[in-house]
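Here are my notes on the model, written as numbered points for someone reading a structure for the first time. Please keep the structure open beside the text as you go through them.

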Amino acid sequence: MQILVLGGGFAGVEAAIKLRKYKHEVTLISDRDYMFIYPVSIWIPVGKRSFEDTQLKLSELAKIHGFKVIIDTITKIESQKNTVYSEQKTYTFDYLFIALGMGKVKMNGLNYTHSICGKPEESVVIKEQIENLITKGKGNITVGFGGNPKDTTATTVRGGPAFELLFNISVLLKEKGLRDQFKLTFFAPMAEPGKRMGDKAYSKMDSFFKHYHVETHFGKKIKEFTDKDIIFEDDSKLDSDLTLFIAGGDGLQLIKDSDLPLNDTGFIQINEMCRVEGHTHIYAIGDAAAIIDHPWAAKQGHVAEVMADVATFNFHNSLTGKEKRMSYWERLHIICVMDSGDGAAFIMRTATKEIMIPLPIVGHWMKKGWGWYYKNSKKKRMFRIPGM
Ligand SMILES: Cc1cc2nc3c(=O)[nH]c(=O)nc-3n(C[C@H](O)[C@H](O)[C@H](O)COP(=O)(O)OP(=O)(O)OC[C@H]3O[C@@H](n4cnc5c(N)ncnc54)[C@H](O)[C@@H]3O)c2cc1C
């Protein structure tokens, strides 16, 4: 039996680990030879974490957990033919777990911006750009995020990392004694950026902007980015020596070109068991899958892992004739520790509850501790806390 997992991120790695726990042979295909721990990558641009330390080598994980890894780029998926094509060869499968993540909305002049949510290497480029400006001794740094006009649930907006990067840069500049020489601006096209974290968290954002001396620019659509500014729909401009922008999420072109059922944004339609609609042997998990009926939810790493857990459980039970099934909807919530360089805020949101607890200093160390825990628990060097 050939079980393929496509993608070596949060969802793919967790699926491969869980499939091995159920004693299935599994092959994971990824175009990178490492898993990138995005939540702690926000410290790479400010020099507080190395690029290498933010990776988990897939070969090491494969050895520890007993799955097979192939480093290869998938180019085409033909679900009706049970076939996946890549740069190197053609793979056929009996069962498929798609965990390829998401792409980003194309915008004019995006090449003049850098994103902390893009290719992992981009975090190092951002670090170099910040260092260049620090050497110059002054400048305008703008940090922002956008949405996807096609996405009604707004699960494709990734605001948290933009805030984290922004506040961390402010702390770095202060540590260098240069805070007064730099103008830091947060910009977003929507009127209420950050609302996804919940009303409570959103209402506290003003105090964060004041504390870190950040100017704000909301509610105007972005026309284009240039090498020196951001131009808005009314042709007003925001000067920028360095633009750090997280574009809205979009379905990957590879997925859009496939024969899989998709929503308008290009995410794969799944049921609450994470099985792709109309298929009995294909699951889609993580950022690549469309979250429906929960408009408050967000695409997150822990949701990707919940989906992997749910999909592999349901797969195993259906294969072994057991009736019990799991729903990822029952375990859906937003949870994050939003780091600000010298502190953090704990944010949690469910369909009915919203929590925001400021955690000065200790929150920063909690998030650092999570990064350490994540790596070591995945390497089986320590006990795994259920649900984390
Ligand atoms: C800066 C940042 C901070 C974040 N902070 C948090 C946080 O604090 N908490 C939280 O819960 N979530 C956080 N997130 C969100 C979280 O990282 C994502 O939701 C998560 O990575 C999704 O996992 P995934 O496996 O679906 O996709 P990814 O992690 O993106 O993995 C996709 C995988 O597919 C592979 N791939 C892509 N295309 C191909 C191809 N054609 N062929 C072969 N392989 C391919 C990639 O190499 C990668 O291995 C953050 C995200 C970012 C960017």
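1. Strands (E, at least two residues) are runs assigned by DSSP and numbered from the N terminus, and two strands pair if DSSP finds at least two bridges between them. This is a predicted model, in which local features need pLDDT of at least 70 and side-chain atom pairs count only at pLDDT 80 or more, while totals for chains, interfaces and linings use all residues. Residues are numbered from 1 along each chain as its sequence is written, and side-chain values use heavy atoms, with hydrogens and water left out.

2. The open sheet to look at has 3 strands in the order β15-β16-β17, with antiparallel pairing. Because β15 (222-225) and β17 (237-239) stand at the edges with a single partner strand each, one side of each is left without a neighbour in the sheet. On average, and with direction ignored, neighbouring strands of this sheet are turned by 20 degrees against each other, where the axes are lines fitted to C-alpha atoms and angles run from 0 to 180 degrees between N-to-C directions.

3. How is β15 joined to β16? A hairpin makes the connection through 3 residues, and 3 bridges join β15 to the antiparallel strand β16 (residues 229-232). Isoleucine 222 has phenylalanine 232 in β16 as its bridge partner.

4. On the other side, 3 bridges join β16 to β17, again in antiparallel fashion, and aspartate 229 stands opposite aspartate 239 in β17. The hairpin of β16 and β17 has 4 residues between the strands, and in this hairpin aspartate 235 takes a positive phi near 70 degrees.

5. In a regular strand the side chains alternate between the two faces of the sheet. From β16, Asp229 and Ile231 point one way and Ile230 and Phe232 the other way, and all are buried, a word that here means under 20% relative accessible area, with exposed being over 50% and partly exposed in between (1.4 Å probe, protein chains only).

6. The chain is divided into domain 1 (3-102 + 251-333 + 367-378) and domain 2 (105-247), with bounds that come from an automatic or database domain assignment. Across the boundary, 26 residues of domain 1 are in contact (heavy atoms within 4.5 Å) with 25 residues of domain 2.

7. A search of the whole structure finds 0 disulfides, a disulfide being a pair of cysteine sulfur atoms within 2.5 Å. Cysteine 117 is in no disulfide, and the nearest cysteine sulfur, that of cysteine 336, is 12 Å away.
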